[in-house]
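Colleague: I would like a close look at one part of this model. Please take a sheet, walk me through its strands and helices, and then show me what lies around it.

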Amino acid sequence: MATIPGELKGHRQGILGYRLLGAIASVAFVPGLSEGWSVDRVRPVDRVRPMRVVGKPRLADDVVGLVLEPGGGAPAPSWTPGSHLDVTLPSGLRRQYSLCGTDPDRLMVAVRRIGEASTEIHERVHVGDVLRTQGPRTAFPYCGERRVLLVAGGIGITPIVAMARESAARGVDWHLVYAGRSRASMPFLDEVTDLAGDRLTLLIDDERDRRPSAGELLARADDDTAVYCCGPTPLLDLVRTARGPVRAPLHYERFAPPPVTGGSQFELTLAHTGRTLQVPADRSALDVVLDTAPDTPYSCRHGFCGTCRVRVCDGAVERRGRAGGPGRPGAREMLLCTDRAEGAGLTVDL
């Protein structure tokens with residue numbers, strides 16, 4: 001009897017195993033022949049994680065931290081630099097905040113008082129409160145290239161400080177540019193000063209009587225330096241415009257929604273009320289809907305979280321947001337914050 005070489009024998013055993021599994025599957029999942037898997041037995045997974053507020057440190061003028069701990073002795077979820085946490089506030093408002101802490105057993109976010117949600121956190125969320133959270137997840141991943149320039153403006157330091165820690169730990173060639181209105185307004189200033197040393201450039205408005213230029217922000221970035229940038233829209237636009245086409249990537253995250261460009265005016269009809277709204281070429285459907293229905297749920301305003309997704313009753317959708325893209329190709333849905341009508345108008349389930 002011929003001997004089967006080890007590699008071939010393993011290969012044949014693998015084939016037989018796949019055939020056996022296939023035969024089992026063909027029996028287990030044929031409708032009417034078993035009580036195995038079926039579509040109607042699929043149940044949605046509840047990804048909400050209640051977390052208790054165990055600390056609320058003051059980090060800078062108008063900036064507080066929220067230190068969050070899972071209940072029941074559960075471990076804190078792991079995360080990577082650039083990740084954010086979805087937080088649902090007691091009022092029902094849902095927002096994303098970048099993770100920036102160092103305690104592996106707890107999560108921490110930092111919130112500047114800007115707008116309704118942040119005011120609620122500052123004034124009405126207290127130590128001991130339990131908040132509903134989802135995540136962590138990221139749309140701003142840190143890749144750890146060979147040379148890295150980190151650029152932060154104001155509260156934009158929250159994802160960047162985690163990237164600075166990671167850069168130092170990995171031993172990459174890195175530099176941090178941190179811009180702000182005043183030292184008192186800049187969270188984590190003492191930490192990044194100690195961490196970065198001469199790898200830190202501070203551009204502080206009230207010490208210079210002017211805002212930073214693109215040349216100052218990008219002085220340390222050559223064509224082979226990856227740039228990570230987070231901050232207000234003017235700073236991002238300055239960096240994006242000045243960076244131009246180079247070999248190394250530019251990674252960035254916005255706080256405010258990007259401006260609407262290349263859009264056309266369309267009509268948005270709300271099916272529940274029959275009201276028709278005019279969406280101008282330079283505004284999002286979400287902004288127009290909020291003028292009429294301010295309790296409409298939304299969160300990221302960038303098209304990736306899916307909070308403002310609504311069912312489309314009539315009309316074709318021009319998809320612009322990532323949460324409504326290739327993963328949901330046949331869905332009759334739109335993201336109010338980014339998607340638009342392909343034509344004269346849409347009717348949505350609102």
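Modeller: What follows starts with one sheet, moves to the nonpolar cores, and ends at a second sheet and a loop residue.

Keep in mind that this is a predicted model.

Start with the parallel sheet. Five strands make up this open sheet, and their order is β10-β9-β8-β11-β12. The pairing is parallel. At the edges stand β10, residues 200–204, and β12, residues 250–254. Each of these two pairs on one side only. From one strand to the next, the twist averages 10 degrees.

Now look at one pair in detail. Strand β9 covers residues 173–180 and pairs with β10 in the parallel sense. Five bridges join β9 and β10. Opposite Y178 stands L202 in β10.

Helices come next. Helix α4, residues 189–196, lies across β9 and β10. The run of α4 is at about 155 degrees to β9. Helix α7, residues 233–243, packs on the sheet too. It touches β8 (147–153), β9, β11 (226–231) and β12. The direction of α7 makes about 160 degrees with that of β12.

Then the interior. In soluble globular proteins, nonpolar side chains tend to be buried together. Here the largest nonpolar core has 31 residues. Those with the most contacts inside this core are L150, I157, I160, W174, L176, Y178 and Y228. Y178 is thus a residue to find twice: it stands opposite L202, and it is on that list of core residues.

Which elements give two or more residues to this core? They are β3 (63–70), β6 (107–112), β8, α3 (157–170), β9, α4, β10 and β11. Helix α3 gives the most, with five residues. Apart from this core lies another, of 22 residues. Among them are F266, V279, L286 and V348.

That leads to the second sheet. Five strands form this open sheet as well, in the order β14-β13-β19-β15-β17. The pairing is mixed. β14 (275–279) and β17 stand at the edges with a single partner strand each, so one side of each has no neighbour in the sheet. Here the twist averages 40 degrees from one strand to the next.

Strand β15, residues 309–314, has two pairings to trace. With strand β17, residues 333–335, β15 pairs in the antiparallel sense over three bridges. The bridge partner of R311 in β17 is E333. With strand β19, residues 345–348, β15 again pairs in the antiparallel sense, over two bridges. In β19, T347 is the bridge partner of D314, and V348 is the bridge partner of V312. V348 also belongs to the core of 22 residues.

A helix crosses this sheet. Helix α8, residues 285–292, lies across β13 (266–270), β14 and β17. It runs at about 135 degrees to β14.

Finish at the loop between β14 and α8, where R283 has its place. Is R283 buried or exposed? Its relative accessibility is 29%, so R283 counts as partly exposed. Leaving aside residues up to four places away in sequence, R283 touches V260, V288, D291 and R340. T338 is 55 residues from R283 along the chain, yet their C-alpha atoms are separated by 9.5 Å.

Conventions. Residues numbered from 1 in each chain as written. Predicted model: local features only at pLDDT ≥ 70, side-chain atom pairs only at ≥ 80, totals over all residues. Heavy atoms only, no water. Pairing = 2+ DSSP bridges. Helix = DSSP H or I, 4+ residues; strand = E, 2+ residues; numbered from the N terminus. Axes fitted to C-alpha atoms, helices over the stretch in contact; angles between N-to-C directions. Contact = heavy atoms within 4.5 Å. Core = buried A, V, L, I, M, F, W, Y, C linked by side-chain atoms within 4.5 Å. Buried < 20%, exposed > 50% of the residue type's maximum accessible area, 1.4 Å probe, protein only.
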